[in-house]
Amino acid sequence: MIPVLLAAHLAGIVGASVAGYRSARAGLLVASIPPAITTIWALGQLNSAPQQAFYELHWVQGLGLSLRFSVDELALLMTILVSGIGVLVFFYSTGYFGSTAGPDARFPSSLLAFSGSMLGLVWADSVWTLFIFWEFTSITSFLLVGYKHVEDSVRIAARRALMITGAGGLSLLAGLLLLVRESNTTILDQISPATGTVGTVAAVLVLIGAATKSAQVPFHVWLPGAMAAPTPVSAYLHSATMVKAGVFLMAVMGPIFANAAVWKTVGAACGIASMLWGGIGALRHRDAKLMLAWGTVSQLGLLVTLFAIGSPKAVFAGIALLLAHALFKATLFLVVGEIDIRTGTRDIAELGGLWRAMPLTCAVATAAGLSMAGAPPLLGFMAKEAALEAVLGLAGAEQLVFSCAVILGSVLTVAYTTRFLITVFGPGPATVVSPPRLAMTAPAAVLSIAGIAGYIFVAAPNRLVSNAAIELNAAATYSLIAWPGLKTAFVVSLAILLVGSLLGLAISRQRVRPTPGSQGADWADAAIDGILTVAPSLTARIQHGSLPVYVVTMTAMAALATIPFLSEIPYLQLDLWNSLIEPFLAIVIVGSAIAGTFVGSRLGAALALGAVGLGMSALFVSYGAPDLALTQLLVETIIVVAFVLGLGRLRQSFPPVDTTWKAARIVIAGAGGIGVTLAIAAASTSPTGTPPLADVSEQAVEEGGGKNLVNVILTDLRALDTLGEVVVLATVAIGILALARINQTEVA
Amino acid sequence: MTASRSSIVHVGIRAASPLAITVGVYLFFAGHSQPGGGFAAGLVLGAVITLRTVTGLQRPTNATGLLSSGIVIVTATAAAPLIWGGTFFDQRVVSVELPVLGTVKSGSALIFDAGVTIIVIGLVIALLDGLSTSEPSAIETDAEGRP
């Protein structure tokens, strides 16, 4: 079923862009079909478990390169979130973009491409698959953030998001490669726990990848900027799914890094910093959407902290919160989008009294908001309780630090939730609203009701969460508790709600506040701009375009590279020649080469080089390598012709060279020549193993079905190399044509 | 380009071309078991085109077409086995009994080699085309009366 679903997404991308040209609504509806099918399939899988869906598409078996997917319990939970919320977001978009001025034809297909990439990411079972789909989500996210690309600020925000998450992706790749090298497998399930220095380095690299994707301090600066995207995108990518990719990665990698101390310390430091700084950010901003975005940074910080702790209870709480957060945060974003469309503003200084004008929306938002604050009777409450129990259950200094951080973070969460609900819906001058749009209210209501239903019918979310948690950590046999009674965690929870709402009320009185600047984002942009200025100047320095300097550099490097071989040559045992023809040919070759350096005219030099080549092919013949000789001869012929044709454009003789430069060139050329000669002598006198000639010959006749060994190697045994080489040839040829055309247009 | 106007050269090259092409084709098919192969064949055929171009007998310009079809052929040969469940670059060998030639063995490697040949020919033509364009255009501007 996995390949069918992925193919359905691919087909949907094409179908949605075709349909999108006719009508935006049709494009969105077509795009919602693949996620709908996936959701239904995933819900069906819930009952047919424990049989996991699995699919593998081999590419290069020797390198373990394959697309490998496996849908385990955690992946199933993520699938339901990604595809289920996806369907609702597509439906919501039909209302968001209105019926007259719909989105671009590429919007539905980009969003669907993201949805498919996200599925590939959560289903991935090999490091390559994981990385590829990880990057796909970054790229599709870039397209979606930059959707309103005519505005400068949007393009800058999209670039910042791409650069930060893209750089994180490279860091992740490095970490994964270290893991693959240590445990000799590319299959995620089979990677052994990392230890020692390699484990530490890999843990940090993977953490950077997760932190960039999940917008953790100090990489969080891209997330508020990404709010430049249309609200359906923000609700889907930047709250429910893509930012969860980093948390998901931490959940999956947790068992592998269980022994690396740095995983816990750095991960938790990152998480706690984000939890607190995100909460403060949410209290500082006036734009309702930005308030939610900063709230997301804070919530993700809590998730990252829990998965960094990695104790069974923390893992369980993390997954419960992952589910709850996806539901309530997506709801709140959808609500903000509706308010934005119906009132024309998201600024809380201008909003107010919406409970009267938008009662249904207000109810939906309140239910989601209370879930976010962790108030009963909602799914968020049970998740927050589990998180509190997890940190209170730790011992010693860990208990103190983590408990304080989580409690403080939760107080901030309650405060910004209160501020959000009061300032938008609470008392105040009623904002003018346009008529309701059912397509926008309904999806938010569905998600919000899911949060309530999850509390009432606790068995359903409990099954999802506890199975996934047990899969990650066999000791995590907990279940969600609807009403814990007067236990410590519950009392702490009530205190948090009280303190937080009082703080929120106090702050929400001060409706008009100066908009905080975004220094972090400015620094990130400055860094990106810096790269963009340094890179060209560095390139101009290295790739200066002076052919003689290139050749001298390469020759000097080749000469230096031969130094290690010098000690391996048995100088006294060298045979100077095998047959008398060799010294004769050597004289011809060396003579022509020397003549080439003395000839004043370029044509003469080209012909001298041709003579060198011909001598070489004669030498090949004397060694019994007709194939090589033939190729060399033909290549020489073509090169000489090309030289002669090219020389028509140049001065006939070489330009004068100043004496020092000339001397340097002579020295380096001499060193290069001597170095290569000695390296060849070393290679042919002290081989480090037996040449695999016999094996290859046998293989050539059996597998390749040919007797010309060289050619069978070229076209069969090492055909991938040949493919690469001919692609290079074709690229060079296209380059030649392009250069010639530039010249033509200049002449014309 | 210095096009030779000598009729001896012209006739000689006209006469030699079919022979050289035959040699190129021979090298291409011989390559599997004897010296030769797609690269060498492409160079020989490219050399024929070079000779004919330098003497002004023809003026090939279709390098891009050859290059792109060559790339399509090599990548398609490489990827085709994936369709029927094989791996990248799976080799297929087919033996055919032909009346005159006897048993002829041929495989997907031959098609791959053909792609290599086409790319090499394309490269040679690109070289000729690219390196010789400036002069004719310069002459054209002269013909229009510009300095």
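These questions and answers go through the cores, domains and surface of a predicted model.

Colleague: Which residues have the most contacts inside the largest nonpolar core?

Modeller: The core to look at has 180 residues. In soluble globular proteins, nonpolar side chains tend to be buried together. Those with the most contacts inside the core are Trp123(A), Met253(A), Phe257(A) and Ile319(A).

Colleague: Which helix gives the largest share of this core?

Modeller: The helix in question belongs to chain A and spans residues 312-343. Its share comes to 20 residues. The helix is H13.

Colleague: Where does this core lie with respect to the domains of chain A?

Modeller: The domain assignment of chain A places domain 1 at 1-259 and domain 2 at 276-512. Both of these domains give residues to the core. The core therefore lies between domain 1 and domain 2.

Colleague: Which residues does Met253(A) touch, leaving out those up to four places away in sequence?

Modeller: Met253(A) is among the residues with the most contacts inside the largest core. With residues up to four places away in sequence not counted, its partners are Leu130(A), Leu176(A), Leu179(A), Leu188(A), Val206(A) and Trp263(A).

Colleague: How many residues are in the other core, apart from that one?

Modeller: This other core includes Ile736(A) from chain A. From chain B, Leu43(B), Phe112(B) and Val116(B) are among its members. The count is 34 residues.

Colleague: How far apart are the C-alpha centres of domain 2 and domain 4 of chain A?

Modeller: Domain 2 covers 276-512, and domain 4 covers 693-748. Their C-alpha centres are separated by 59 Å.

Colleague: In what order do the elements of chain B run from the N terminus?

Modeller: Chain B has five helices and two strands to place. Starting at the N terminus, the order is α-α-α-β-β-α-α.

Colleague: What percentage of the area that chain B exposes is supplied by carbon and sulfur atoms?

Modeller: Chain B has 147 residues, of which 40% count as buried. The chain exposes about 7,600 Å². Of that area, carbon and sulfur atoms supply 67%.

Colleague: Which helices of chain A each supply at least two residues of the nonpolar surface patch?

Modeller: The patch, of about 500 Å², is made by Leu603(A), Leu607(A), Leu609(A), Ile639(A), Phe643(A) and Val644(A). One helix spans 602-622 and the other 626-647. They are H24 and H25.

Colleague: Is Ile639(A), in helix H25, buried, partly exposed or exposed?

Modeller: Buried would need under 20% relative accessible area, and exposed over 50%. Ile639(A) has 37%, so this residue is partly exposed.

Technical notes: Residues are numbered from 1 along each chain as its sequence is written. Chains are lettered from A and ligands numbered from 1 in the order in which they are written. This is a predicted model: local features need pLDDT of at least 70, side-chain atom pairs count only at pLDDT 80 or more; totals for chains, interfaces and linings use all residues. Side-chain values use heavy atoms; hydrogens and water are left out. Patches are made of residues with over 30% relative accessible area and no salt bridge: like charges are joined within 9 Å, nonpolar side chains (Val, Leu, Ile, Met, Phe, Trp, Tyr) within 5 Å. Accessible areas come from the Shrake-Rupley method with a 1.4 Å probe; for residues, only the protein chains shown count as cover. A salt bridge is a side-chain nitrogen of Lys or Arg within 4 Å of a carboxyl oxygen of Asp or Glu. Helices (H or I, at least four residues) and strands (E, at least two) are DSSP runs, numbered from the N terminus. Buried means under 20% relative accessible area, exposed over 50%, partly exposed in between (1.4 Å probe, protein chains only). Domain bounds come from an automatic or database domain assignment. A nonpolar core is a set of buried Ala, Val, Leu, Ile, Met, Phe, Trp, Tyr and Cys residues joined through side-chain atoms within 4.5 Å. Contact means heavy atoms within 4.5 Å.
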